[in-house]
Amino acid sequence: MGMSGEEQWADGESRMQELAALVQRETRSCSWWERHGVDWTILTLALSIAPAGFLLLGSDSLLPLSLGFLVLGIAHTVVSVKGSHLASHSSLSQSKSWNKVCGSFTAEKGTYHHVKLHHAYTNVIGLGDSSVWKVPFFPRYIYLFLLPLALPFLTPIVAIGLIQDLPVLTVIRTLSAITLGMWAHCWLLIRVSGFQSLPSAFLCMMLYKATFTIPYIHINIFQHIGLAMFSPTKKPKRIYQMAHGVLNLPRNMFFDWSFGHSFINCHVEHHLFPMLTDHMCLKVKPIVSKYFKQHNIPYNEDTYLSRLRLFIDKYEELMVYAPQLTELVGIQ
Ligand SMILES: [Zn+2]
């Protein structure tokens, strides 16, 4: 306390440098297996359990049928959430060209919104304020528990809407990727699982793609909305911006695997060091939380249920009305 505004900002910069040096020391001492191998293994495992999922869906009894659903739901979420998130941050590989190959499978506009807006302007009003997640004309229970199930239908429509002004080649590539992906799922459901018609296969695909969409929407809003929001002209230094505007949720076996640590229990670390893979975020978490505690920097943590209760109780305030701006004065 007692520092002038300028001194405080300079302090934020040196704190960030100090923390980055500590984190770098840890990451440099790690092997390729830790830096990339663990996450590649999870992605490969997810792809390799998919055939079992399609075979199980061919069964007539309830237990293998539900297991098949779960397997395909997990496999789809690991690849489409964890995989494309890592690819969007170019953290799948050390090689630039490999990252380009991986990155080209994610929608260009999605990457732009996530990396260039959400990460660069975390909780800055009008830029990275998570307002893309707000659909204020829906009542709370519909938004929180019903609308997420429509996400597999909505995602391609939104993607097509977003790519219209992009170069023709990008439009063609995105459209072919969407069509090819859907066709492959339906083909496998008909050939391997024995579905009789295309509409029934299509519906089944949409259902297992929706397995994790409710927590997916929840997590995206729980970790930023309701925390400090900044104006573009008065945003604090990065370390304070992330400390005040990002929240970590507790670990959970399903979320660890399907969404990845950077989405769940290491979201603060991910916003500070977006190039790190999920496993590396987990490795540096003790360093970051210890550093924050040592320097009296807030380290936001809350449970899933407590956030859910908050969003149900204060839905209007958090999801309908414009958020209040936060000005951090005199904090260090
Ligand atoms: Zn990210």
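Helices here are DSSP runs of H or I that are at least four residues long, numbered from the N terminus. That numbering is used in every legend below, and the model is a predicted one.

**Figure 1. The whole chain is built from helices, with no strands at all.** The protein has 16 helices and 0 strands. Its radius of gyration is 21 Å, close to the 20 Å that the globule rule gives for 332 residues, so the fold is as compact as a globular protein of that length. Laid along its principal axes, the C-alpha trace spans about 75 × 50 × 45 Å. Of the 332 residues, 31% count as buried. Take the contacts between residues at least 6 apart in sequence: 65% of them join residues at least 24 apart.

**Figure 2. A close-up of the largest nonpolar core, which has 19 residues.** The members that touch the most other members are Ile239, Met242, Ala243, Val268, Cys281, Val284 and Val288. Two or more residues each come from α1 (5–28), α11 (238–245), α13 (267–272) and α14 (278–294). Helix α14 gives the largest share, 6 residues. Apart from this core lies another one, of 13 residues, and Val71, Ile74, Leu188 and Phe195 are among them. As background, nonpolar side chains in soluble globular proteins tend to be buried together.

**Figure 3. Helix α11 is largely enclosed by the rest of the structure.** How many of its 8 residues are buried? The count is 7, so there is little doubt about calling α11 largely enclosed. The buried ones are Ile239, Tyr240, Gln241, Met242, Ala243, His244 and Gly245. Zoom in on Ile239 and, leaving out residues up to four places away in sequence, you find it touching Gly12, Arg15, Met16, Leu19 and Ile297.

**Figure 4. Helices α7 and α8 run roughly antiparallel to each other.** Their axes come within 10 Å and cross at roughly 170°. An angle over 145 degrees counts as roughly antiparallel, and α7 and α8 therefore fall in that class. On the α7 side the contact uses Pro156, Ala159 and Ile163, which meet Thr170, Val171, Thr174 and Ile178 in α8. By class, that contact has 5 nonpolar, 2 polar and no charged residues. Arg173 is also found in helix α8. Is Arg173 buried, exposed or partly exposed? With 17 other C-beta atoms within 10 Å, Arg173 is partly exposed. The C-alpha atoms of Arg173 and Ile297 are separated by 45 Å, and the two residues are 124 apart along the chain.

**Figure 5. Helix α10 packs its buried residues against three other helices, α7, α12 and α15.** In α10 (residues 213–222), the buried residues are Thr213, Pro215 and Phe222. Their packing partners are α7 (151–163), α12 (253–258) and α15 (304–313).

**Figure 6. Two asparagines in loops have a positive phi, Asn123 and Asn296.** Asn123 has a phi of about 60° although it is not a glycine, and it lies in the loop between α5 (108–119) and α6 (140–146). Asn296 has a phi of about 55°, again without being a glycine, and it lies in the loop between α14 and α15. Which of the burial classes does each one fall in? Asn123 counts as buried, with 24 C-beta neighbours inside 10 Å. Asn296 has 8 C-beta neighbours inside 10 Å and counts as exposed.

**Figure 7. Arg35 in helix α2 touches residues from other parts of the sequence.** Arg35 lies in α2 (residues 32–56). With 19 C-beta neighbours inside 10 Å, Arg35 counts as partly exposed; the buried class needs 20 or more. Not counting residues up to four places away in sequence, Arg35 touches Thr27, Cys30, Thr277 and Met280. Arg35 and Ser93 are 58 residues apart in sequence and 8.9 Å apart in space, C-alpha to C-alpha.

**Figure 8. Tyr208 sits buried in helix α9.** Helix α9 covers residues 198–209. Tyr208 has 23 other C-beta atoms within 10 Å, which puts it in the buried class. Leaving aside residues up to four places away in sequence, Tyr208 touches Phe69, Leu72, Gly73 and His76. Ser66 is 142 residues from Tyr208 along the chain, and their C-alpha atoms are separated by 10.0 Å.

Conventions: Residues are numbered from 1 along each chain as its sequence is written. This is a predicted model: local features need pLDDT of at least 70, side-chain atom pairs count only at pLDDT 80 or more; totals for chains, interfaces and linings use all residues. A residue is buried if 20 or more other C-beta atoms lie within 10 Å of its own, exposed if 12 or fewer, and partly exposed in between; C-beta atoms are placed from the backbone. Two residues are in contact if their C-beta atoms, placed from the backbone, lie within 7 Å. Axes are lines fitted to C-alpha atoms, for helices over the stretch in contact, and angles run from 0 to 180 degrees between N-to-C directions. Angles under 35 degrees count as roughly parallel, over 145 as roughly antiparallel, 65 to 115 as roughly perpendicular and the rest as oblique. Ala, Val, Leu, Ile, Met, Phe, Trp, Tyr, Cys and Pro count as nonpolar, Asp, Glu, Lys and Arg as charged, and the others, Gly among them, as polar. The radius of gyration is taken over C-alpha atoms; the globule rule is 2.2 Å times the number of residues to the power 0.38. A nonpolar core is a set of buried Ala, Val, Leu, Ile, Met, Phe, Trp, Tyr and Cys residues joined through C-beta atoms within 7 Å.
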